[in-house]
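Student: Please take one part of this model and go through it closely. I would like to see how a single strand sits among its neighbours, and what lies around it.

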Amino acid sequence: MKIDKTRSFTGVDIGTSRLVAARNPNGGLQLDMTLNAFIEVPDMPATVNSLKRQGIRFVRHGGVLLAYGQAATVFAELFHAELRRPMRSGCMNLQEPASTLVMSRIVAELVGEAAAKPAVIGFSMPSAGLHAEGVSKASLTNHRSALEVMFRNLGYTPYAVNEGEALVYSELEDSGYSGVAISFGAGLTNVAMTYLSVPVLDFSINRGGDDVDSAAAEVLGEKAARVRLHKENNFDLLGTADDQMSRTIKVFYEELIQHTIASLASVLVSSSDVPRLDRPIPLVIGGGTTMPAGFKKLFEREIRKMDWPFPISEVRQARDPLNAVARGVLRYVEVNYGQSEEEAAAAV
Ligand SMILES: Nc1ncnc2c1ncn2[C@@H]1O[C@H](COP(=O)(O)OP(=O)(O)OP(=O)(O)O)[C@@H](O)[C@H]1O
Ligand SMILES: [Mg+2]
């Protein structure tokens, strides 16, 4: 497939904890990442100077300064300030009054203004929640609309791309974009099934890495940030470490995996949309929560315990779990919005 060279393409993973932009200038993949977080600091000449000196971006809001993005975490340590987030459980958090303001700044910082030529941007969208307490249709509509406005203001033509489908586009080209994809993120777990690139079903579960952190922190009497650090550094789900924190994180990881697999099984059993498949299809996992050593093995062990309505050829972990959604969104817009007018007409 030839990609239309007269347009530029960007794929953005809009995550609860991280934003990743993928671009493909001149054939080489370019990835940029920032934290989707900010802190509040007092509006005083000394703090303004300090932020400026360290190159940390900030915006004034309600008589305080909101410093945002990756570097804000350094400042959070310095000021013992609480890290806040514009999003919660996969969507813009409107209970956070500064969410739209801060998020539009973070997004602008990450992708910049559109280049002179027509610029297509794909952005990831979570699926509706499987359970009543999950992501509502109303939150999705609001989230999507807010992001479209942000991207249009920067000069882009935005397209929403389902997060699970993005993972299929990133990893399952060799199966003709057929398979089940599960994106284990911070706020949510997104699941999608496609067959020959046609969406079959998708849903989200209102749990992710954040919940592992907070549940383990609660029972340990620790701060979630400390649990997160431990989890992200040298933690092995099948390792022999016998300290209390490792054991507790493992408990909640196992619970997340089992809950996800049980939810997928219940959806497949009750859905009339699942096609009869004679060929086995792959299952791909991605997202930051799949990063610890042993995750894939543990997940596959649980998957193989169940009977599925179609054969699963393999469990595959995304090559680059933290960036797979952004790469897949980019691929999706290139494939689906990247044909030149003549090519599209010829295809018809
Ligand atoms: N090396 C690591 N080991 C374990 N967990 C990790 C690692 N790196 C990141 N994570 C966890 O992955 C999660 C972030 O993953 P990801 O970037 O896929 O989520 P997100 O896209 O921001 O959120 P969501 O998709 O839920 O909106 C966080 O919970 C983080 O703690
Ligand atoms: Mg995500």
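Tutor: What follows starts at one strand and works outward to the ligand and the domains. The model is predicted.

Start with strand 12, residues 189-195. How many of its residues are buried? The count is 7 of 7. Side chains in a regular strand alternate between the two faces of the sheet. In strand 12, Thr 189, Val 191, Met 193 and Tyr 195 point to one side, and they are buried. Asn 190, Ala 192 and Thr 194 take the other side, and they are buried too. Both faces of strand 12 are therefore covered, given that a residue counts as buried with 20 or more other C-beta atoms within 10 Å of its own.

Now the partners. Strand 11, residues 179-184, runs antiparallel to strand 12, and 6 bridges join the two. One point of register is Gly 179, which stands opposite Thr 194. The link between strand 11 and strand 12 is a hairpin of 4 residues. Strand 13, residues 198-205, also pairs with strand 12. That pairing is antiparallel and has 7 bridges. Here Ala 192 has Asp 202 as its bridge partner. The hairpin between strand 12 and strand 13 has 2 residues between the strands. Leu 196 takes a positive phi in this hairpin, near 50°.

Go back to the loop between strand 11 and strand 12. Ala 186 sits there. Is Ala 186 buried or exposed? It counts as buried, because 24 C-beta neighbours fall inside 10 Å. Leaving out residues up to four places away in sequence, Ala 186 touches Gly 15, Thr 16, Ser 17, Gly 208, Gly 209, Asp 210 and Gly 288. For scale, the C-alpha atoms of Ala 186 and Pro 309 are separated by 29 Å, at 123 residues apart along the chain.

Next, the ligand. Ligand 1 has 23 residues around it, and Gly 15, Gly 185, Gly 209, Gly 288 and Met 291 come nearest. Two elements give two or more residues to this shell: helix 6 (209-220) and helix 7 (224-232). Helix 7 gives the most, with 3 residues. By type, the shell divides into 5 nonpolar, 12 polar and 6 charged residues. Why does ligand 1 lie between the two domains? Domain 1 (8-169 + 324-347) and domain 2 (174-317) both give residues to the shell, so ligand 1 lies between them.

That leads to the domains themselves. Their C-alpha centres lie 24 Å apart. In contact are 25 residues of domain 1 and 22 of domain 2. On the domain 1 side, strand 7 (87-88), helix 5 (163-171) and helix 10 each supply at least two residues. The largest share, 6 residues, comes from helix 5. This side of domain 1 divides into 10 nonpolar, 11 polar and 4 charged residues.

Last, the core. The largest nonpolar core has 79 residues, of which Val 12, Ala 67, Ala 72, Phe 123 and Val 329 touch the most other members. Helix 10, residues 324-337, brings the largest share of this core, 7 residues. The core draws at least three residues from each of domain 1 and domain 2. Take Val 329 as an example. Beyond residues up to four places away in sequence, Val 329 touches Gly 11, Val 12, Asp 13, Ala 22, Gly 122, Phe 123, Ser 124, Val 161 and Ala 166.

Terms used
Residues numbered from 1 in each chain as written. Chains lettered and ligands numbered in written order. Predicted model: local features only at pLDDT ≥ 70, side-chain atom pairs only at ≥ 80, totals over all residues. Near = placed C-beta within 6 Å. Nonpolar A, V, L, I, M, F, W, Y, C, P; charged D, E, K, R; others polar. Domains from an automatic or database assignment. Buried ≥ 20, exposed ≤ 12 C-beta atoms within 10 Å, placed from the backbone. Pairing = 2+ DSSP bridges. Core = buried A, V, L, I, M, F, W, Y, C linked by C-beta atoms within 7 Å. Contact = placed C-beta atoms within 7 Å.
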